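Reader: Hi! I am in my first year and still learning to read protein structures. Could you pick one part of this one and take me through it slowly?

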Amino acid sequence: MSSPTGPASGLPVRMPRPRQPGRHRRPEPLVAPEGAPALVLAVPGTPSAATRSLAEEVVSIARSELPGLDARIGYLDGNGDEFPTLQSVLARVGEERTARYEQARAAGMDVKEPDGPVGVVVPLLAGPDGSLLRQVRQAVMESRVAAELTDVLGPHPLLAEALHVRLSEAGLARADRARLFTVATAADGIILASVGGDEAVQAAGITGMLLAARLAVPVMAAALDEDGSIASVAEQLRSSGSQQLALAPYLIGPEIDAGLLDAAAKEVDCATAEALGAYPAVGKLVLSKYMTALGIAPQQPQGMPVR
């Protein structure tokens, strides 16, 4: 039988764990605000089962970081229910918000008429590509709803980390500089392949500097969609002493024809790593762009150690 001071049997009383004070206190988990706009991932390129799987993995990562997030996928070149277009997804989000408001009013609830954007569109692009971004803006206009468009994902240190991981997976870089072992096929010069012309090359160059610091080898950016750009950079690297080159796609994947990447690798006779794909940092950066657009203080995505 218990007393006001505890169990009569003398058993210990389980008390709630005190909240840890100071800078080491565990942060409160974030959740999506009620009524927040949807995150709409704008996926470029020709839709396919592989593209859909990649996009679904990216939004799954974002949802796991922000419970309650309403995340959708729209395709720039979509068609039909299987691969809905970006404009149709935005229009549907707008219709659903209006329907929820009208149902609440009909039920006698005192609700505020919705305003502000119905969605935040995040392009699934590592770097700027003027042609694809024009498609995104056009789709937003054609949806006839209020939506906010964010910047592309890079440049960012997390993308340098992702490039490092993809190179190490292909046996073209050491997985961890701190470990005293070598990789026989490790490259001594990296061509960072982007699409989008000069602007994309300049943006990729910023991430390239971060990658060079991680690998301690020269890294130069080049444009896959400009004739001679990859070959010119390969020649520069070889003339400066690099003998074993590797091509690292500064690309998520759907935005480029895989054949173009293979042709570039053959042209300069070098191995190539996989595109960034659904690397966890990509999903975290997508969410970070969304939260910044809403003015929610995001927990800055931290680089994960490369093992």
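Author: Happy to; we will look at one sheet and the helices around it, and then at the rest of the picture. Keep in mind throughout that this is a predicted model.

Let's begin with the sheet itself. Four strands make up an open sheet in the order β8-β7-β9-β10, and their pairing is parallel. The strands at the edges are β8 and β10 (271–272), each of which pairs on one side only.

Now find β7, which runs through residues 189–194. How many of the six residues of β7 are buried? Six of the six are, so β7 is largely enclosed by the rest of the structure. Buried here means under 20% relative accessible area. You can check both faces of the strand: G189, I191 and A193 are buried on one side, and I190, L192 and S194 are buried on the other.

Next, look sideways from β7 to its partners. β7 and β9 run parallel and are joined by five bridges, and I191 stands opposite L247 in β9. Five bridges also join β7 to β8, again in parallel. Here L192 stands opposite A221 in β8. To get from β7 to β8, the chain passes through helix α5 (residues 197–215), and this β-α-β crossover is right-handed. I191 has a bridge partner in β8 as well, namely M220. As for β8, four of its five residues are buried, so this strand too is largely enclosed by the rest of the structure. Over at the other edge, β9 and β10 pair in the parallel sense over two bridges; A246 has A271 in β10 as its bridge partner.

While we are at the crossover, pause at I206, which lies in helix α5. Is I206 buried or partly exposed? Its relative accessibility is 42%, so I206 counts as partly exposed. Along the sequence, I206 and M220 are 14 residues apart, and in space their C-alpha atoms are 9.8 Å apart.

Now to the helix that deserves a close look, α6. This helix lies across β7, β8 and β9, running at about 160 degrees to β8. Within α6 (residues 229–239), the buried residues are S229, I230, V233, A234 and L237. Why do they line one face of the helix? Seen down the axis of α6, the buried residues fall within an arc of 130 degrees, so they line one face of it. These residues pack against β7, β8 (219–223), β9 (245–249) and α7 (258–267). Turn the helix around and you will find E235 and S239 exposed on the other side. After α6 comes G241, whose phi is positive, near 115 degrees.

Another helix also meets this sheet: α4 (residues 157–169) lies across β7 and β9, running at about 130 degrees to β9.

With the sheet and helices in view, turn to the side chains. In soluble globular proteins, nonpolar side chains tend to be buried together. In this model the largest nonpolar core has 53 residues, and those with the most contacts inside it are L124, L167, I190, L192, L211 and Y290. You have already met I190 and L192 in β7. Leaving aside neighbours within four places in sequence, L211 is in contact with A160, L163, H164, L167, I190, L192 and V219. A second, separate core has 18 residues, among them A234, A264, V268 and C270. A234 is one of the buried residues of α6 that we just saw.

Finally, let's visit the other sheet. Four strands form this open sheet in the order β4-β3-β5-β6, with parallel pairing. At its edges stand β4 (71–75) and β6 (147–149), each with a single partner strand, so one side of each is left without a neighbour in the sheet. Neighbouring strands here are turned by 30 degrees against each other on average, direction ignored. Strand β3 (residues 38–43) pairs with β4 in the parallel sense over five bridges, and V40 stands opposite R72 in β4. Helix α2 (residues 86–106) lies across β3, β4, β5 (119–123) and β6, and runs at about 145 degrees to β4.

Conventions
Residues are numbered from 1 along each chain as its sequence is written. This is a predicted model: local features need pLDDT of at least 70, side-chain atom pairs count only at pLDDT 80 or more; totals for chains, interfaces and linings use all residues. Side-chain values use heavy atoms; hydrogens and water are left out. Buried means under 20% relative accessible area, exposed over 50%, partly exposed in between (1.4 Å probe, protein chains only). The arc is that of the directions from the helix axis to the C-beta atoms. Contact means heavy atoms within 4.5 Å. Two strands pair if DSSP finds at least two bridges between them. A crossover is right-handed if, with the strands pointing away from the viewer, the path from the first strand over the helix to the second runs clockwise. A nonpolar core is a set of buried Ala, Val, Leu, Ile, Met, Phe, Trp, Tyr and Cys residues joined through side-chain atoms within 4.5 Å. Axes are lines fitted to C-alpha atoms, for helices over the stretch in contact, and angles run from 0 to 180 degrees between N-to-C directions.
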